[in-house]
Amino acid sequence: MVGLAAIALLTAASIFAPWLTPYDPLQPDFTALRESYSWAHPLGTDMAGRDMLTRVLYGGRMSLAVGVTAQLAVMFVGIIIGAISGYYGKLVDTLIMRFTDIMFAFPTGMLQIILMIAFGRGFPQMILAMTITSWVNVARLVRGEVLGFKQREFIEAARSVGARDRDIIWRHLFPNLIGPMIVWFSLGIPAAIMAEAGLSFLGIGLVPPTPSWGIMMNQGNEMWRALPHMIIVPAAVIALVMISFTMLGDGLRDALDPHMSR
Amino acid sequence: MVQKLDRREFLQAASAAAAVYALAACKPQTVEVEKEVTRVVEKVVEATPVPTSPEPITANINMALNRGDIGDAGEPGCSGAVNSYYMNYMMFAALVRLTDKLEIEPDLADTWSVSDDGTVYTFKLKPDLKWSDGSPLTAHDFEWSIKRNLDPKMWCGGQFWQLVDIKGSRAYYTGENTDPDSVAVKAIDDLTLQVETETPAGYFIQVCTLPAFMAVPKASVDKALEINQEGRPQDWWKPPLGIYSGPFMPVEWITDLRVYFEANPYYAHGKPLIDKLNIHMIQNTATVMAAYEVGELDMVDLPETEYLRVIGDEELLADMVTSKELGVQHLVWDMGVPATEDPRVRQAFACAIDKDTLMNDVLPGVGSPAYQFLAPGLIGYNPEIGQELRYDPDKARKLLSDGGFPNPADFPEMLINYGAGSTLYQTMFEAIQAMVQDALKIKVTLVPGDQTSLGVKLADMRYKQPLVWRQFWGADYPDPHNFMVVLYTCPPPQAAVWETPERVLCNPKFDELVWQAAAETDNTKRAELYRLCEQQLVVENPFVIPLYYPTRHRLIKPYLKNVVIIPQSFVMIRETTTIEK
Amino acid sequence: MGRFIVRRLLHAVATLFMITIVTFGVAKATPGGPFGFDDPAVQAHLPIEQRQRYIEMYGLDKPIPVQYWNWLSSALQGDLGYSYSFKNETINHIIARTFPVTAKLGVIASAIGLTLGTLIGVTAALKRGSLFDAAATAWTVVFHTMPVFVLAVFLVIIFVVELRWFPITGWGTWKHAVLPVVTLLLGPLSSTIRFARAKVLDVLGSDYIRTAKAKGLPRTLITRRHVLKNTLIPIVTLAGPTIAGMLTGSIFVETMFNVPGMSKSFVGAAGSRDYPLIMASTVIYGSLIILMNLLVDVTYGLLDPRIRYD
């Protein structure tokens, strides 16, 4: 719950950033270059005189947006394909599963890099690259669950009373998928944030000057020794978010999965 | 340093790489008027110094080698990037070389003379020159090497510009004339080499310091076992095949990691005092600094991002050596875009950038603001040029309005491409973006990434909307001709074919002035002609917006003595360099 | 069993084939070429013969399926062709130079990470609630959440600059390998600890352990016979993803520590759109992952008699 609280706080702070800080995350201020911690700039300023706290908050918008959007897209694609594969079985299943095998054999990080180079930098490109590289996991998971459910009595019962496929999937399968999906979602978001940070760090992620935590880390990394706060701030925020999400994910899993109870 | 964007590979080579020699403080090179034999006092160094200590003297330095650089490193005729130049100078020697005061001194040549009409150069070599295996090195080696570099089958076309002044070179290079003897380079005897230029060219003796003029060992080339993908024999410059004429000879060569050298006992200036020279290739700036601080490296280029820390650290500051770089960082206009056709629009953009704030406050230690293309110290540099385009937001708005955009909102989105996205450039261009948007109220978008990399393709963006890209020009030799001719004349002399002039906007007035200045031998007249060139290139019909003259900082351990700092470009380890702990 | 392996092998080959098609497709769909080949401004400076030579050398004048077929047939004969950015080295040569370095690094780091991680994880679970358990959990949280590239800088500053324990320039001695290996293994180490700890707790809570306890079997025997065996088998499955993770992680580690490995060359290739080299790297990494998965499946079967191959 601590995790959930921390995430809620950070998300809220990011969303309401314009009301929380008087500064513009993009507009350089040539009178406040490279400042250290002060009342006016609690986390200091960067090389162009922009307030670090402001940039972290606005960066949070970007990073969280990447995390949530990417996971939603991954879920959407993964659930549909996984459900189709698991529900219909036979040839469709075989084809889809062979394809997921191929995707599994790609090193995820490498494929993301290749795709980002092919698509070019940017937010939609990044979401697309992440979706392409991650949907297979969800698809497999969903397929497994669906296969399990298919054997269960209530599905057979539904079928025997003449319910249509679509209704069965929609009414009976999906509600049962919600639990595992929420867990997956809570673990997928930090993974996507981390991937964004890595790609932006390599210089093929989002387009500056729009701040994201990855871009800030990329900028700060070269300044490690000269202006340490430029890397410590984004790295600390990322670590905080990762810890929160991990705690949340664990907590959710314990709550939703009775097998895991200790 | 290699961040050229447009006519990539070659020019990139030429320019970016082009390594920046400078004129010593306003003292122009005067070799062009020399007629008589010049004999420069030679440093007398014991040919084979008896090592007093049993421990070999070893220096460790770093070069942040780019991938492409190392490919050319051994083939001087194809070399174009700053780091491959450096490797060339370690391994091979040319006829003449530059001193730390940017004067020309003999390398393998002993003396040289120029004919009365200024076109025939006669070099007398030092007697008893030897390759590193002890075999004789003669003028015939030079003739063979230069002609080999011009051979169209060598495929290193981009570096043709180094040799373009030699009479007959173009016809042979383009295949019009297949007879190698038509190239006016001739060994009269073992010790005499004669080179004839097409027209009198005052800068030619400086061109002779470039790697394309180095003698290359035919014996090694013939022994090469493999042909590289451009059709040249490969790896002949590596051990065990290579024999060398420069101060050092590689003994271990691992791509992407390190090259270890040992002193060449037969070097023309005597065996270097340093016995072993280890060149490491580390690119990560944090790693480079760590390695210097713990003493694993004796000399490194100071990463710009570490400058602020070093000036606050007494110990490191004591090791810092600063020099001005004979080059200019600038923005290049994509010519032929309707919105920026009016020169006033381009001038408006120049007026919107506050270079003083940018270089003095935002990025201290990176360089000094530039208002013209030629760097200080060159003939034709004139601090008054370009002053009318200093930062002035009101003037900028007026120019934009006069140029056809009274309402800035009508101006299409402007793109700035700035090459690889290091923190330095990112900060610089985020600041420029803000300055231009504030001054002109137009929308400016940053497009990071090299033309060929990271998802950006400059060619795809061109000719559509207003576009500038960052480019660096560093001098190959300290003469304004080098700055003016290679990039912005149409066609540039190194172009073998010129099929697409309609896509490149030419300025015939500028071209004419450049060639007039090249053939001029009187320095006062040349200075005036280059002033007119600048007026065209930067002010009247701006093709470029100069940004700044870079400053280079290096960290050199105090015990590394007598390094030869060739202003703005290299810190050479030469025969007299040594370590005294 | 034999039939299973054959089938999996065929399957692996098909997968690899698809990987090449996908990568080739992506490469061809994006701009870029040897030495600015497709840029008119650059072409103006190339002698016509040289341009012709590039076209022939890379087969760029042929339709894309033909280009793919040419690539595939020579790759099958063990010739991966020419790189766009290394003029003096064939891709075979580059791979031969860089792959052993990355492989060595990855194998050592995976081996240490998996063994140590299992040991710590199991111990922590068996001593649940102890100080050791708390420390292990804290450790995993910290290193699970810290990006490799931040970690690398930390290690350099502490162990190279401040303590001067390890050299940072060069490559070759064991001392050079310590920091890269440590950086590389910290992530997998913490995920292994988490995984092992959770598994042991899971097993401890299961019915058969309760039965065993009820039977009055000695604690050590229960631990050895039931808990460990049932924990170790799932951990084998971790090997595949761990090694895949090593490949990605080594991209940062190799750049940071100047390790002359394949990931560094991959990043360089990606940066300069050196498609032939990108293709080769992907295919090699892909086959490695496929092979690992195959091995894991087989080992899993050997260890767990309940699994049947059919």
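**Notes on a predicted three-chain model**

1. Let's start with chain B, whose secondary structure comes to 18 helices and 24 strands. Keep in mind throughout that this is a predicted model. Chain B has 581 residues, and 65% of them count as buried. Its exposed surface is about 19400 Å², with carbon and sulfur atoms supplying 52% of that. If you look at contacts in chain B with a separation of 6 or more, 70% of them are between residues 24 or more positions apart.

2. Now chain A, which has ten helices and zero strands. Reading along its sequence you simply get α-α-α-α-α-α-α-α-α-α. The C-alpha atoms of chain A fill a box of roughly 75 × 40 × 30 Å along the principal axes. Of its 262 residues, 55% count as buried. Chain A exposes about 11100 Å², and carbon and sulfur atoms make up 69% of this area. Among the contacts in chain A with a separation of 6 or more, residues 24 or more positions apart account for 67%.

3. Next, the place where these two chains meet. The size of an interface is often given as the accessible area lost when the parts come together. Chain A and chain B bury about 2300 Å² between them, and 57% of that is on carbon and sulfur atoms. Three residues are worth finding on the chain A side: A:Phe30, A:Glu222 and A:Arg225 supply 29% of the area that chain A buries against chain B, more than any other three residues. In terms of residues, the contact takes 23 from chain A and 28 from chain B.

4. What about polar links across that interface? There are six residue pairs in polar contact between chain A and chain B, counting pairs with both residues at pLDDT 80 or more. Helix α9 (residues 213–221) of chain A gives the largest share of the side of chain A that touches chain B, namely three residues. Sorted by class, that side of chain A has 13 nonpolar, five polar and five charged residues.

5. How many salt bridges cross between chain A and chain B? The rule finds one. In the model, the side chains of A:Arg50 and B:Glu430 meet in a salt bridge, at 2.4 Å from N to O. This pair also belongs to a network of salt bridges that links A:Asp46, A:Arg50, A:Arg55 and B:Glu430.

6. Stay with that network for a moment and look at A:Asp46, which forms a salt bridge with A:Arg55; their closest N and O atoms are 3.4 Å apart. Are these two residues buried or exposed? A:Asp46 is buried, because its relative accessible area is 2%, under the 20% cut-off. A:Arg55 counts as buried too, at 1% relative accessibility.

7. The whole structure holds 28 salt bridges over all chains, and chain B offers a couple to look at. B:Glu306 and B:Arg309 meet through their side chains at 2.8 Å, N to O, and both B:Glu306 and B:Arg309 are buried. B:Asp342 forms a salt bridge with B:Arg344, with the closest N and O atoms 2.9 Å apart. Here B:Arg344 counts as partly exposed, since its relative accessibility is 36%, which falls between 20% and 50%.

8. Over in chain C, try C:Glu89, which sits in the loop between α4 (64–76) and α5 (91–126). C:Glu89 counts as buried, at 6% relative accessibility. Its side chain makes a polar contact with the side chain of C:His93 at 3.3 Å, and another with the side chain of C:Arg97 at 2.9 Å. Leaving out residues up to four places away in sequence, C:Glu89 touches B:Gln234, B:Thr255, C:Ser83, C:Ile94 and C:Arg97.

9. One last residue in chain C: C:Phe143, found in helix α6 (residues 131–145). C:Phe143 counts as buried because its relative accessibility is 18%, and the cut-off is under 20%. Setting aside neighbours within four places in sequence, C:Phe143 is in contact with C:Leu151, C:Leu186, C:Gly187 and C:Ser190. As for C:Ala239, C:Phe143 is 96 residues from it in sequence and 19 Å from it in space, C-alpha to C-alpha.

Note on methods
Residues are numbered from 1 along each chain as its sequence is written. Chains are lettered from A and ligands numbered from 1 in the order in which they are written. Side-chain values use heavy atoms; hydrogens and water are left out. A salt bridge is a side-chain nitrogen of Lys or Arg within 4 Å of a carboxyl oxygen of Asp or Glu. Buried means under 20% relative accessible area, exposed over 50%, partly exposed in between (1.4 Å probe, protein chains only). Contact means heavy atoms within 4.5 Å. Buried area is the accessible area (1.4 Å probe) that two parts lose on being put together, summed over both. A polar contact is a pair of N or O atoms within 3.5 Å; within protein, one must be able to donate a hydrogen and the other to accept it, and residues adjacent in sequence count only if both atoms are side-chain atoms. Helices (H or I, at least four residues) and strands (E, at least two) are DSSP runs, numbered from the N terminus. Ala, Val, Leu, Ile, Met, Phe, Trp, Tyr, Cys and Pro count as nonpolar, Asp, Glu, Lys and Arg as charged, and the others, Gly among them, as polar. Accessible areas come from the Shrake-Rupley method with a 1.4 Å probe; for residues, only the protein chains shown count as cover.
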